[in-house]
Amino acid sequence: VNQCGPAQPFQALTEEFKLSKKTGEQSGNVFNAVASYCVICLLSYITGEPLTYVRRKSIDCIVQMKEQNMLSFLGLQALLHSQLVALIDGPQIADAESVDDVIFGEKKALAAAGKDNFEAISSYEANQL
């Protein structure tokens with residue numbers, strides 16, 4: 001009997017993106033390597049990998065993005081990482097100025113972008129508690 005769990009197709013995708021990341025690293029295609037790593041982090045979460053492992057991958061991914069100055073996906077990865085940290089450490093992380101020493105000052109950046117954005121985020125956070 002072939003048992004195909006719901007995570008199996010995502011696990012297959014994860015393997016493809018691992019290959020894509022490795023190929024990007026070997027060929028010097030930093031954009032492909034970083035983009036693949038972001039997807040690997042997301043798929044690791046979806047497939048039920050322990051959150052602490054996904055968190056470590058996410059930290060490494062963010063560090064690599066910053067080292068390579070590849071910030072195209074930083075916002076998305078920061079969002080995923082913040083959610084991981086909130087699931088692991090609790091919702092009080094929403095008030096932190098930094099997360100795992102890789103994400104800094106998102107609230108201040110949102111506030112600087114405009115009062116409406118800050119109010120929307122504050123309203124969202126209040127509704128999540």
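Contact here means heavy atoms within 4.5 Å. With that in hand, let's work through some exercises on this predicted model.

**Exercise 1. Get an overview of the chain: which elements does it have, and what share of the contacts joins distant positions?**

Step 1. Begin with the elements. The protein chain has six helices and two strands, and from the N terminus on they run α-α-α-α-β-β-α-α.

Step 2. Turn to the contacts. Take those with a separation of 6 or more; residues 24 or more positions apart account for 45% of them.

Step 3. Finish with the surface. Of the 129 residues, 26% count as buried. The chain exposes about 8,300 Å², and carbon and sulfur atoms supply 57% of that area.

**Exercise 2. Find the largest nonpolar core: which residues make it up, and which helix gives the most to it?**

Step 1. Recall a general tendency. In soluble globular proteins, nonpolar side chains tend to be buried together.

Step 2. List the members. Eleven residues form the largest nonpolar core: Val34, Tyr37, Cys38, Ile40, Cys41, Val54, Cys61, Met65, Met70, Leu80 and Leu84.

Step 3. Assign them to helices. At least two residues of this core come from each of α2 (30-46), α3 (51-67) and α4 (74-89). The helix that gives the most is α2, with five residues.

Step 4. Look for another core. Apart from the largest one lies a core of six residues, including Ile62, Ala78, Val85 and Ile103.

**Exercise 3. Zoom in on Met65: is it buried or exposed, and what does it touch?**

Step 1. Place the residue. Met65 lies in helix α3 and, at 0% relative accessibility, counts as buried.

Step 2. Collect its partners. Leaving out residues up to four places away in sequence, Met65 touches Val34, Cys38, Met70, Leu71, Phe73, Leu74 and Gln77.

Step 3. Check a pair across the sequence. Met65 and Phe31 are 34 residues apart along the chain, and their C-alpha atoms are separated by 9.2 Å.

**Exercise 4. Look at the cysteines: how many disulfides does the structure hold, and how far is the sulfur of Cys41 from the closest cysteine sulfur?**

Step 1. Remember what we are looking for. A disulfide is a covalent bond between the sulfur atoms of two cysteines. The cut-off to apply is a pair of cysteine sulfur atoms within 2.5 Å.

Step 2. Test Cys41. Its closest cysteine sulfur is that of Cys61, 4.5 Å away, so the two are too far apart for a bond.

Step 3. Test Cys61. The closest cysteine sulfur to its own is in Cys38, at 3.7 Å, which is also too far for a bond.

Step 4. Conclude. The structure holds zero disulfides.

Step 5. Add the surroundings. Cys41 is buried, with a relative accessible area of 0%, and Cys61 counts as buried at 1%. Not counting residues up to four places away in sequence, Cys41 touches Val54, Lys57, Ser58, Cys61, Gln77 and Leu80.

**Exercise 5. Examine α4: where do its buried residues fall around the axis, and what covers them?**

Step 1. Check the length. At 1.5 Å a residue, the 16 residues of α4 should span 22 Å; the end C-alpha atoms are 21 Å apart, which agrees.

Step 2. Name the buried residues. They are Gln77, Ala78, Leu80, His81, Leu84 and Val85. Seen down the axis of α4, these fall within an arc of 165 degrees, so they line one face of the helix.

Step 3. Bring in helix geometry. An α-helix has 3.6 residues a turn, so residues three or four places apart point the same way.

Step 4. Look at the other face. Turned away from the buried side are the exposed residues Gly75, Leu76, Leu79 and Leu87.

Step 5. Find the cover. Among the elements over the buried residues of α4 are α2, α3, β1 (98-99) and β2 (103-104).

Step 6. Pick out Gln77. This residue is buried, with a relative accessible area of 2%. Leaving aside neighbours within four places in sequence, Gln77 is in contact with Cys38, Cys41, Ser58, Cys61, Ile62 and Met65.

Step 7. See what follows the helix. After α4 comes Gly90, whose phi is positive, near 105 degrees.

Definitions and conventions
Residues are numbered from 1 along each chain as its sequence is written. This is a predicted model: local features need pLDDT of at least 70, side-chain atom pairs count only at pLDDT 80 or more; totals for chains, interfaces and linings use all residues. Side-chain values use heavy atoms; hydrogens and water are left out. A nonpolar core is a set of buried Ala, Val, Leu, Ile, Met, Phe, Trp, Tyr and Cys residues joined through side-chain atoms within 4.5 Å. Buried means under 20% relative accessible area, exposed over 50%, partly exposed in between (1.4 Å probe, protein chains only). Helices (H or I, at least four residues) and strands (E, at least two) are DSSP runs, numbered from the N terminus. The expected span of a helix is 1.5 Å times one less than its number of residues. The arc is that of the directions from the helix axis to the C-beta atoms. Accessible areas come from the Shrake-Rupley method with a 1.4 Å probe; for residues, only the protein chains shown count as cover.
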